[in-house]
Amino acid sequence: MVARILYIVTPVIACLLDLGFLILVILRRRRERGNLRFALFLLSMAIWSWGVFMLRRSANSQAAFTWAKISFVGMFFSPSFFLLFITILLRGRQKRWVYVSCSIISVLLATGVATTDLIVAGVATNRWGWVTQPGPLFLPAYLVVFSYLVYGSLLLAREYRQSRDELHRTRLRYVLLGFSIFLLGTLLDVLYLLGIVAYPLGMLANTLFVLCCAYAVVRYRLLDTSIVVQRVIAVIISGTIVTVLYAGGLLLLPYLFASDFEGILYISLIVTLLLLCIKPLREMPLSWVDRLFLPQRHDAQLMLQEVSSASTALMPLPELAKLILRRVAETLDIAHAIFLAPGNPSGTLCPVARLGLSEDADGIRFRPDHPLATHLADTGRLLRSEDLSSVPDIQALWANERRDLERLGSELFVPLVIRQRLAGLLVLGPKQDNQPYSLADEVILSTLANQTAVALDNARLYEESIEEKRRTETIVQEVFAGIMMVDPQMRIVALNPRAEAITGYASQEVLGKRLPEVFSSELWSEESLLYEAVATGERMGPAEATLVGKDGVRDILLGVTPLREGYLLSFADITRLKEVTRLKSDIVADVSHEFRAPLASIKAYTEVLLDNLEGDDKALRRDSLLVIDQETDRLTELINDLLDLSRLEARRFEEQRESLFIGEVIDDVIALLEIQARERNIAIHLDVPADLPSILADRRLMTTLVKNLVSNAIKFSHEAGRVDVMAREEDNNLVLNVVDRGIGISSWDLPHIFEKFYRVQSAREAGIRGTGLGLALAKDAAEVHGGTIEVESELGAGSRCTVTLPINRE
């Protein structure tokens, strides 16, 4: 009696276990290819078991024959799906052609079973009930199927021998045990069909196989069942709620679908299936289940959400690291942890945040080529402390590096890898309850690591972009060129400080205004560079242009560069450069004139002497030689001035200071310039006290200073004018004044009179010759002696030069 009951019930139990296991796998992660293959294997086993059950309960031979064929279709598909299932445990290291050929053979055998009687010839009865009658090809077909099953078990056995992970070996041990029982049961079933044994044990073996796998799942985390349990409970709750509502509706409206218990049961099953497929109907129950039955998983989800929010908010790295450590410690009940990230361009991992560790941990460093860092970056997988010995080159660590690892007191290393680069490392200590980290914990930490790695990379890119923006802004703000940006509508959107200085406009005055509202047409007309850049879309310039700004007209060197959001105008103020160019031309003309005049005189009088070489006119010769001598002195003086100015500016002038009286220098200069003054009938009045103290100075420089001032006063005075030369002591300084009442200097020229080769406009208009070197020399001579020089002048009223020199009391 018991054997009869087992004969009927065992296939049902095996089928239900297969289906239950199938649902667990589907609910875990149905989109993963490995899980899908495992599910197909379980489905083929369930079809086989159900076919056997229906065969044994069939009322007639025709139904029994049909169910016999269905059961063998499931059995013949199981080897190919089993080999695909192996890829889950062995991580896809099998040869592809094996399970491809197995799949093809399975399809052929299943087709043969369904369409011919060569494999399943029929059914018969015995003491237990209906039994399958083998066809002529049954035994060869079974041997082919059995060989593939044996091949799969050998793969599992080889993986079991080679694996160094004890947890992985334990999982494989139970799978191997269950599958060995399954193979034995299948063999006994065949022997039963061949009449060799008296009782079929295949379904019992199937049941034991599923139980072994289930034990590996529950006890050794072959699969992460927390997700499955959560979803199953949620579906049960949702299904119960909907079923109760529907049952209530049936009581109120008995004419709708069903009015008996069987109708309610069928509808409940349909609603449950709908809940599996329709996401919104189960989201709320999932949340309830997490909160009530799986608080650790609920806390983990909240932690991941919080870290994700912090990541999107681009939180600074130290704050993000502290948040992660705090939330991980709270969620997983961890005693201590530390977060390391690259702290310098070399990539050395340095502590960013720590929890539960002393300050000594701040000195820990992992260089980029550290074996642990290299291994974690290459694999991207979590590493337990007991597996450290498997890391290549870990035994070659220096003593201080070994101490660093020991100081961490680590249980688990969580790498934060992005694009095969170690962006950070989370080192976790043991749990407070000393329990090992579960597979569910590792899944949570892997998800956290992925999120954090992306967040760190985003933060790094964000900081780089901010730094690049700061660098660009600094360059734009500090560059010597003016930079102005306009949008496609020619509105001014940016103006750097140099552009403000060149145009005379502050940014707030022009931002948002169109170019024609601010600047003249030279900048934006059809003949401008900007117009050409708009028309061609190409970079234009640099070229000279004119800019009419707030402070007047400026000569600029302008370039225009098209941008995606407008146009960039870069310009340099060359007004001064052009003035210098013009001044240089004037200087060359003036110096040429200064050289040409004496040279022309020398040339002319030399020719006179040559023409009268044989003559006896001594007076003519003397006058000619006198003129040549004077003009030669004039050339020599001009050249000396140029040389002295060059030496003074280069600070190469060899001073020979001595104690001298300024009155003596003035007397010597007046004697030198007496002829020049007499030619223009200029009266020179002296007011130089005889008791003035001496000064320590170079006589030649002092002579140059006084001579240039007095000579200028004579040249710029009117005919029959007057020049005053005065000296006095004032505040331990010697003050020298040279005053004339001549043509004067305009306020425009006055700031430039000490520039070399600069000549005032009034002198040019009056036809007064000169090189523009006199005041430049005087200024340098005064400054060499620690003094100053100032000029006061009014156009048409004359000038007053004041030199202040320190008195030497030693």
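These exercises, each with a worked solution, concern a predicted model.

**Exercise 1. Helix 24: length and surroundings**

Task: Work out what span helix 24 should have, and find whether the distance between its end C-alpha atoms agrees.

Solution.
Step 1. Helix 24 covers residues 699–716, which is 18 residues.
Step 2. The expected span is 1.5 Å times one less than the number of residues. For helix 24 this gives 26 Å.
Step 3. In the model, the end C-alpha atoms of helix 24 are 26 Å apart, in agreement with the expected span.
Step 4. Next, consider the surroundings of the helix. A residue is buried when its relative accessible area is under 20%. In helix 24, 13 of the 18 residues are buried, so the helix is largely enclosed by the rest of the structure.
Step 5. Finally, look at the N-terminal end of helix 24, which is capped by Asp-698. A side-chain oxygen of Asp-698 lies 3.1 Å from the backbone nitrogen of Arg-700.

**Exercise 2. The largest nonpolar core**

Task: State how many residues the largest nonpolar core has, and which element gives the most to this core.

Solution.
Step 1. In soluble globular proteins, nonpolar side chains tend to be buried together.
Step 2. The largest nonpolar core here has 44 residues. Leu-705, Val-706, Leu-709 and Val-710 have the most contacts inside this core.
Step 3. Several elements give two or more residues to this core, among them helix 22 (662–672), strand 16 (722–730), strand 17 (733–740) and helix 26 (774–784). Helix 24 gives the most, with eight residues.
Step 4. Take Val-706 as a case. With neighbours within four places in sequence left aside, Val-706 is in contact with Ile-662, Val-665, Ile-666, Val-669 and Leu-736.
Step 5. A second core, separate from this one, has 40 residues, including Leu-22, Leu-55, Ile-119 and Val-145.

**Exercise 3. Salt bridges in helix 12**

Task: Find which residues are joined with Glu-330 into one network by salt bridges that share partners.

Solution.
Step 1. Side chains of opposite charge can pair when their charged atoms come close. The whole structure has 18 salt bridges.
Step 2. One of these pairs Arg-326 with Glu-330, at 3.7 Å from N to O. Arg-326 and Glu-330 are four residues apart in helix 12, which means that about one helical turn separates them.
Step 3. Glu-330 also forms a salt bridge with Arg-327, where the closest N and O atoms are 3.0 Å apart. Both residues lie in helix 12, three residues apart, again about one turn of the helix.
Step 4. An α-helix has 3.6 residues a turn, so residues three or four places apart point the same way.
Step 5. Now compare accessibility. Arg-326 is partly exposed at 39%, and Glu-330 is partly exposed at 48%. Arg-327, by contrast, is buried at 10%.
Step 6. A further salt bridge joins Arg-354 and Asp-362, at 2.9 Å from N to O. Arg-354 is partly exposed at 31%, and Asp-362 is partly exposed at 35%.
Step 7. Through shared partners, Arg-326, Arg-327 and Glu-330 form one network of salt bridges.

**Exercise 4. Two buried polar residues**

Task: Decide whether Thr-331 is buried or exposed, do the same for Ser-507, and find what their side chains reach.

Solution.
Step 1. Thr-331 belongs to helix 12 (residues 317–332). Its relative accessibility is 9%, so Thr-331 counts as buried.
Step 2. A polar atom of the Thr-331 side chain lies 2.7 Å from the backbone oxygen of Arg-327.
Step 3. Ser-507 is in helix 17 (residues 507–510). Its relative accessibility is 14%, so Ser-507 is also buried.
Step 4. The Ser-507 side chain reaches the backbone oxygen of Leu-495 at 3.4 Å. The same side chain makes a polar contact with the side chain of Glu-500 at 2.4 Å.

**Exercise 5. Cysteines**

Task: State how many disulfides the model has, and decide whether Cys-350 and Cys-801 are buried or exposed.

Solution.
Step 1. A disulfide is a covalent bond between the sulfur atoms of two cysteines.
Step 2. With a cut-off of 2.5 Å between sulfur atoms, the count is zero.
Step 3. Cys-350 has 12% relative accessibility and counts as buried. Cys-801, at 11%, is buried as well.

Notes:
Residues numbered from 1 in each chain as written. Predicted model: local features only at pLDDT ≥ 70, side-chain atom pairs only at ≥ 80, totals over all residues. Heavy atoms only, no water. Buried < 20%, exposed > 50% of the residue type's maximum accessible area, 1.4 Å probe, protein only. Polar contact = N/O pair within 3.5 Å; in protein donor to acceptor, adjacent residues only side chain to side chain. Core = buried A, V, L, I, M, F, W, Y, C linked by side-chain atoms within 4.5 Å. Contact = heavy atoms within 4.5 Å. Salt bridge = Lys/Arg side-chain N within 4 Å of Asp/Glu carboxyl O.
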